[in-house]
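Visitor: I have a model open and would love a short tour. Could you walk me through it?

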Amino acid sequence: MPKKTLLHRGDTVRVIAGRDKGKSGKILAVENGRVTVDRVAIIKRHTRANPSKNVRGGILERESSIDISNVMIICSGCSKPTRIGRKVLADGTRARICRRCGTNLDQ
Ligand SMILES: [Zn+2]
């Protein structure tokens with residue numbers, strides 16, 4: 001059962017808990033209650049070379065996913081981490097808004 005979230009790929013978020021607390025970056029992927037954030041939660045993967053798949057061996061650095069509850073979206077209006085509210089606009093479309101200042105986060 002996938003978890004519900006109002007976060008999308010491309011959102012800028014701040015990490016508010018865990019090992020990378022205080023870092024911020026763009027969401028690269030959202031999957032089942034976890035997000036992958038650009039240059040956050042870097043892990044080293046020790047990879048064995050596989051010539052048939054053209055994979056070079058060695059230690060690769062890549063992002064790992066972190067729990068969605070450990071990040072908050074950064075508002076483009078007040079540039080603070082905020083919770084997300086929902087609003088139906090005058091033309092009937094739904095938008096995500098900043099709970100602090102009311103800025104439309106989907107513009
Ligand atoms: Zn705001």
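Visitor: Is C98 buried or exposed, and what is its relative accessible area?

Guide: Happy to start there, keeping in mind that this is a predicted model. Buried means under 20% relative accessible area. C98 falls under that cut-off, so it counts as buried, with a relative accessible area of 2%.

Visitor: Which residues coordinate the zinc ion?

Guide: Look for sulfur donors, since each one is an SG atom. In sequence the donor residues follow the spacing C-x2-C-x19-C-x2-C. C78 sits in the loop between strand 7 and strand 8, while C98 is in strand 10, so this pair ties together parts that are 20 residues apart in sequence. At 2.2 to 2.3 Å, the coordinating residues are C75, C78, C98 and C101.

Visitor: What is the geometry at the site of the zinc ion?

Guide: Ideal angles for four tetrahedral donors are 109.5 degrees. Four donors count as tetrahedral if all angles lie between 85 and 135 degrees. Here the angles among the four donor atoms run from 105 to 115°, so the site is tetrahedral.

Visitor: Strand 10 also holds R96. With which side chain does the side chain of R96 make a polar contact?

Guide: R96 is buried, at 2% relative accessibility. A polar atom of its side chain lies 2.4 Å from the backbone oxygen of L6. The side-chain partner is found in the segment before strand 1 and is itself buried, with a relative accessible area of 9%. At 2.9 Å, that partner is D11.

Notes
Residues are numbered from 1 along each chain as its sequence is written. This is a predicted model: local features need pLDDT of at least 70, side-chain atom pairs count only at pLDDT 80 or more; totals for chains, interfaces and linings use all residues. Side-chain values use heavy atoms; hydrogens and water are left out. Donors are N, O and S atoms within 2.8 Å of the metal (3.2 Å for Na, K and Ca); water is not among the atoms, so sites may look incomplete. Four donors count as tetrahedral if all angles lie between 85 and 135 degrees; four count as square planar and six as octahedral if opposite donors are over 155 degrees apart and all others between 65 and 115; anything else is irregular. Helices (H or I, at least four residues) and strands (E, at least two) are DSSP runs, numbered from the N terminus. Buried means under 20% relative accessible area, exposed over 50%, partly exposed in between (1.4 Å probe, protein chains only). A polar contact is a pair of N or O atoms within 3.5 Å; within protein, one must be able to donate a hydrogen and the other to accept it, and residues adjacent in sequence count only if both atoms are side-chain atoms.
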